[in-house]
Amino acid sequence: MGSLMWTPGNLPAWKATIFLCNIISAAVAKRHIVYWNSTNTRLTAGDLSIQVNLNDYLDIYCPYYPNMGTVGNREPETLALYLVGEASFQGCVETRRAIKRWECNTPYAPFGPVRFSEKIQRFTPFSLGFEFLPGRHYYYSSLPTDEGPPLPCMKLRVTVCCEPTSEGSKQIQETEPPRSACSLKTASPPLLLFFLLLLLLLIT
């Protein structure tokens, strides 16, 4: 009886190529990180704005406390994040058209802060996914949950690059140095080289 164990040679070349392309695409995509809590002064001031490209990721980190002693006499922050219209963005209010994206309700998570990731893509096969269009602005804001303390208005504007033109879509983005409120991560050249070598191994 032949062995049923999978080996790299058993994988068809076209499947291996698609698989590796998906991995490389995810590795090259930029990740925009936002720490969503009341100590982030850019969120509370309402001037935090991020420009992203399609296939980038927006990573939201929830309020986090290593243990109950770090909170003191205060209650831990718990909140819900919404995608809202521009009018609702001016003040943190929930409207009928607001889309609830995530709820940060585990401030003492055992393995560090809870992270929610939004992939910036035009089409999504998932019912809970959201579709983004180039050249549009999208607005996130939060409201405290009933179990948590009152919180200041925190909001973020996300701009998807770029507006399509008659000459084709031009992807132009100015990258700012990482800040405490938001940072940007990209894949390193050695990592890309590793994926290319792995692709050659799978198709040979």
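**Strand β7 and three salt bridges**

Student: In this model, which residue of β8 is the bridge partner of Tyr140?

Tutor: The model is a predicted one, and in it β7 and strand β8, residues 155-161, pair in the antiparallel sense over five bridges. Within β8, the residue that serves as bridge partner of Tyr140 is Leu156.

Student: Which residue in β7 stands opposite Tyr82?

Tutor: Strand β4, which covers residues 79-84, runs antiparallel to β7, and six bridges join the two strands. In β7, the residue standing opposite Tyr82 is Ser141.

Student: How many of the eight residues of strand β7 are buried?

Tutor: Strand β7 spans residues 137-144 and is largely enclosed by the rest of the structure. A residue counts as buried when its relative accessible area is under 20%. The reason that β7 can be called largely enclosed is the count of its buried residues, which, out of eight, is six.

Student: How many salt bridges does a search of the whole structure find, and which residue does Arg31 pair with?

Tutor: A search of the whole structure finds three salt bridges. In one of them, the closest N and O atoms are 2.7 Å apart, and the partner of Arg31 is Asp59. This pair links distant parts of the chain, 28 residues apart, with Arg31 in strand β1 (residues 31-35) and its partner in strand β3 (residues 57-61). The answers are therefore three salt bridges and, for Arg31, the partner Asp59.

Student: Is Asp59 buried or exposed?

Tutor: The two ends of this salt bridge fall into separate classes, since Arg31 has 22% relative accessibility and so counts as partly exposed, while the limit for a buried residue is under 20%. Asp59, at 1% relative accessibility, counts as buried.

Student: What is the N to O distance in the salt bridge of Lys100 and Glu103?

Tutor: Lys100 is partly exposed, with a relative accessible area of 44%, and Glu103 is also partly exposed, at 28%. The side chains of Lys100 and Glu103 meet in a salt bridge, and the distance from N to O is 2.6 Å.

Student: Which residue meets Glu118 in a salt bridge?

Tutor: The side chain of Glu118 takes part in a salt bridge of 2.5 Å, N to O, and the pair links distant parts of the chain, 17 residues apart, from strand β6 (residues 115-119) to strand β5 (residues 99-104). Glu118 is buried, with a relative accessible area of 3%, and its partner is buried as well, at 16%. That partner is Arg101.

How values were computed:
Residues numbered from 1 in each chain as written. Predicted model: local features only at pLDDT ≥ 70, side-chain atom pairs only at ≥ 80, totals over all residues. Heavy atoms only, no water. Buried < 20%, exposed > 50% of the residue type's maximum accessible area, 1.4 Å probe, protein only. Helix = DSSP H or I, 4+ residues; strand = E, 2+ residues; numbered from the N terminus. Pairing = 2+ DSSP bridges. Salt bridge = Lys/Arg side-chain N within 4 Å of Asp/Glu carboxyl O.
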